[in-house]
Structure formats: structure tokens, C-alpha cells
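Please consider the model shown below. The paragraphs that follow lead through its cysteines, its ligand site and one of its sheets.

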Amino acid sequence: MNIDITSYPDKDISRDTDRDAGKDGNPSKDIFYVTTPIYYVNDVPHIGHAYTTVNADFLVRFHRLVGENVFFLTGTDEHGQKIAQTAEVNGVSPIEWADQMVPRWRDVWERLEISYDDFIRTTEERHTRPVQELVQRLYDQGDIYLDTYTGPYCVACEAFYQPSEIIDNLCPIHERPVEWLEEQNYFFRLSAYADRLIELYQTHPEFVEPEIRRNEVFSFVKGGLQDLSISRTSFSWGVPIPWDPKHVMYVWIDALQNYTTAVGHGRDPERFARTWPADLHLIGKDILRQHAVIWPAMLMAAGLDLPKTVFAHGFLTVGGKKMSKTNLTGISPHTLVDTFGSDGYRYHFLREGTFGQDGAFSWEAMAARYNADLANDLGNLVSRSLAMTTKNFDAVVPHPGEPTQLEEDLRAAATRAAAEMEARVRKLDPAGALAAVFDFVRAVNHYIDDTAPWKLAKEPDQRERLATVLQGVCEAIRQISILISPAMPSASRRIREQLGIDPVDERPLSESLPAGTSLVGKKVTKGTSIFPRVEVEKTD
Ligand code: ME8
């Protein structure tokens, strides 16, 4: 790699270093900025990776739905020993390997309808140049020095450990043998930031969520921080240390900066000011220390604002252990999408379990919830409502008559569901948000049971009442199509197609949600089933 940092334009780093400046004091910031980890390209995505990305996509889509300006970043982490080793085993150069793998990741995200705004690769020049510049600056200001590192390193994690964390020579996460390194390395004065980190966790508890992870990080830092080795000389697949290029950067020092380089750090000060700091770094708990200790310390050293929240969710487990390619337990998202569709897939990983805690994956649980919530509650609601409209009103949504208390209650239930959904999203609780939406789906089913339109249809003098009920139900389905759109964008589109209307538009939820008469006169079509039932045997 040939990187010339001398021609690199200076940047906007002179901004206020107070972490609050970005939120409250930075008048330029008008974008809600959400990130996923950038994934290693040593292998293809499994459902653990997709878990983070699907949840991030749901949150992002909801923020867009309420009218916020959002920027959603994902990408790939392409440097480091793990990628170099994988490429070597496969007989290609690391960049050739990365180039082969990136389309595999993009394909999965496309299939899962991930609406990212940018996909950054850490081998891109827009990333490596600002990374070198920042590290050079930390060196110039005395935050980086040369010393000897001796200690354990796990290549699968790409992480240094304390000797006390290693039992039987095995990495605590991968349970594979660690390497013991003894190298001349450059070190970042991480220990110098311990007091400021502790103050950060105390004054801004929302910086690390959920609480259990905050406590974990807090005690880790309280226990004393060692300076961090940030360069390696035993291999060359990394960003060269600019003042001493026989060293390449420790992959995390390069990788973490994707969050700033992707939004213009060192290239586009105006854009950077509008976007940074990130509002939410969504990660798994395996990479908590990097995001909640190393990253804020680097940003403090660089004088940049700190992200508002690092949320670390739990693991999808198999047999009680983290699902991973390294442990040969990774399941491809494609396998599940083949059976459940992208909507069924997304719904499951948003709705099952509590975001933040570990959860075991099971086909049976996935099939059971799919059949109960999607095929029965929502799918049947749509198909029976459109069938009754087709049969009784020639498939045209009728004019309603005077509403009764039942209709008022149904409208109130929709408003409540939307409010609860928003509250849950803001608490980073996708499962709770969807529970609120599906409470409304069930309320609509109850409304149909209570009003019994099939009986009304048999009584000619009840025609106006029948019109009121079926128009009300179609309108409720329209509202559902909006509320499910962040979770199930494709099902939302298909339901709206059957209602004879366009996909959810850009109007904020507060304008698009209220029940009205916009569907009156629209021709509905009873199309194919939105959520065909899945037989459990099929999933064996
Ligand atoms: O750590 N359950 O990349 P990675 C839940 N490149 N989430 C899981 C999971 C599981 N079983 N397995 C993986 C890296 N994940 C670095 C990140 S960021 C600057 C650099 C998810 O490919 C989870 O989000 O190993 C975890 O943190 C991430 O994938 C690790 O992906």
C-alpha cells in the first residue's frame, strides 16, 4: 500500500473537545447517525452478524419513519492477521480475498433489505489516509511511544489479553489457543485516559448500554488500564505506521476509525460536522472493550466528540456458546430466508428474546412464532378482510357510516400502538416495539370478532354498518402496513399493493398514521398470501 500523508489536507479536528458539544453544543449536527460493526471478511456472514445489522436497520427505518434525517453505516474490516492468514490458506493476496468476499456480504444485506447509506471498506483510501493522519498526530503529541509487548494475543478476536484472562492457554471467547507475542510495538497511552473514562461512565451513563455492560466496562477500567499495543511487525497486512512503515497498525486502531472516516473525517469537514458524533454504535458484547474503552480514549486524545451511545447486545448461541464460524456453528441467513422470506427472518430476530441478552436460536421457535404472529394474526387478518370487502363491495373500499364506540376504540388503539412503538425504539427495545404493533394487530382481529361482519352481511338493513366495519378494518390494515414497515418492508409493500396504494411514503408518521378515509373508493386485490404457513417438518 502506498499512502502519502504529506498531501493530505488538514481537517476539522480543531472542534470543541467537550463531548457534549456534539449533541447540544454543535449546531451543525442534524443527522441521526447509526453504525453496525464492520465485519471481518475472513468469512461469509452468519445469522449472528445479521442479528446486529437487522436490528440496526429496524431502528434506522423507524427513525426515518418519524421524519428524522438518518445516516446508516456498515462495511467490512479487511486488515489484520486473521484476514492475511485466511487469504494465504486460500492462495490469494489479502486484497484479492477481500474483493471476493465483499460481494457475499453485500448480497446478504440486499436479501435482508438492509437500507444502509454507505458501505465502507477499510482498504479504501478515504479510510486509510485519515487513519494515518490521526495516528501521526497522536504520535506527534506524545500519546504514542515505542516499547516491547509480551503477552497473549487471540488472532480470531484480533485482541490482546491480560495473562490473567487466559486459562489453559485458550482465548476466553473462542476457546482456541492464543499466541504469546514478544515484539517491539508502538503503544497508545490508554492508561492516561482512565480517569476521564470513569468520569464519562459516571456522568453519561447512556454512553454504554445496557446497564450490565456499563458495569462491566466500569469495573474493567477501575481495575487499571494498561497502555495498548497499536502496531505489529510480524506481518504486513495493515495500514503502515506513517513514521515507521515496517510497523502496521493493530487492526482495531484502523477499524474503529471507520466510524469517523466514512462521514468525512479528514476529507469533508462540513459533512463530518453534520454527522459526527455517532448517536448509536450497535455492537455485540464481544467487542465492548474496543468500543467503550479504546475508542473513546482515542477520540479524547484526538480531541473529537464522543459517540452518544454504544449498545452491546448479547450473543445468538448454539449449545450455550456464541454462534460463530470459528466454532463451526454459523448458520447462513440465506438458509432461513429460503424458508421464512426476508420479512419472516427480520421479524424473528427483532421479536425473539430481549435485545441485550443472549438468546438460543431454534428453528422450532422461529417456525412457531412465524405461524402464530405472521401467518395467523397478520396474514389472516389481511386475507379475510380483503375477501369480505371483495365479496360485499365488489372489492372497493366503501364509505363508512357513523362511527360507534368500537370504531373510536380501534382508532385509539392505533395511536397507542404507535406511541408505544416509538417509546420502545427510543429505549432500544425492538422486541417491545413489535409487541406493541402486534397488540394492535390482535385488537383489529378482536374488533372483527366483536362486530361480526359476516353476520352483518346477511342483514340488508345493516349494509351501512357493514361498510363502516370493513372500511375501518381496511384503514387499520393501512395503519399496520406503516407500523410494520421498519421491521418488514417487503410485507408492508405487498399489503399496500393489495390495498391499492403506494408503498409508505416520506411523510412523517404523525401525518401518515391517523385514521381517515383515504382508502375509500380504492380497489383492493386479494393477492397471494403474504405469509404462507411454514410446516415445522420442513424446517428440520
Ligand atoms: O469483531 N451473536 O468483526 P466480526 C450475536 N471486525 N452477534 C454476533 C454473533 C453472535 N453469535 N457473532 C457475531 C469484528 N456477531 C470487528 C469489528 S468494528 C470497528 C470492528 C456480530 O466479523 C456482533 O455484532 O467478528 C459482533 O460484535 C460482530 O458480529 C463481530 O463481527
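A search of the whole structure, which is a predicted model, finds zero disulfides. Cys-157 illustrates the point: the nearest cysteine sulfur, belonging to Cys-171, is 3.6 Å away. A disulfide requires two cysteine sulfur atoms within 2.5 Å, and therefore Cys-157 is in no disulfide. Are the cysteines Cys-157 and Cys-474 buried or exposed? Cys-157 has a relative accessibility of 11% and counts as buried, because the limit for that class is under 20%. Cys-474, at 0% relative accessibility, counts as buried as well.

The ligand site comes next. Around the ligand there are 25 residues, and the closest of them are Ile-38, Thr-52, Asp-77, Asp-286 and Leu-316. Which atoms of these and other residues lie beside nitrogen atoms of the ligand? In the case of Ile-38, a backbone N or O atom lies 2.8 Å from a ligand nitrogen. Met-323 likewise places a backbone N or O atom 2.8 Å from a nitrogen atom of the ligand. Asp-77, by contrast, contributes a polar side-chain atom, which lies 2.7 Å from a nitrogen atom of the ligand. On its own the ligand has 670 Å² of accessible area, and the protein covers 96% of this area.

Several elements give two or more residues to the shell around the ligand: β1 (32–40), α2 (47–65), α8 (251–255), α9 (258–261) and β11 (280–284). The largest share comes from β1, with four residues. Sorted by class, the shell comprises 13 nonpolar, nine polar and three charged residues.

Attention may now turn to a sheet. Strands of a sheet pair through backbone hydrogen bonds, in either a parallel or an antiparallel manner. In this model, an open sheet of four strands follows the order β5-β4-β6-β8, and the pairing is antiparallel. Which strands form the edges? The edge strands are β5 (159–160) and β8 (228–229), each of which pairs on one side only. At the β5 edge, two bridges join this strand to β4 (residues 144–154), and the two strands run antiparallel. Across this pairing, Tyr-153 stands opposite Phe-160 of β5.

Methods
Residues are numbered from 1 along each chain as its sequence is written. This is a predicted model: local features need pLDDT of at least 70, side-chain atom pairs count only at pLDDT 80 or more; totals for chains, interfaces and linings use all residues. Side-chain values use heavy atoms; hydrogens and water are left out. Buried means under 20% relative accessible area, exposed over 50%, partly exposed in between (1.4 Å probe, protein chains only). A residue is near a molecule or strand if one of its heavy atoms lies within 4 Å of it. A polar contact is a pair of N or O atoms within 3.5 Å; within protein, one must be able to donate a hydrogen and the other to accept it, and residues adjacent in sequence count only if both atoms are side-chain atoms. Accessible areas come from the Shrake-Rupley method with a 1.4 Å probe; for residues, only the protein chains shown count as cover. Ala, Val, Leu, Ile, Met, Phe, Trp, Tyr, Cys and Pro count as nonpolar, Asp, Glu, Lys and Arg as charged, and the others, Gly among them, as polar. Two strands pair if DSSP finds at least two bridges between them.
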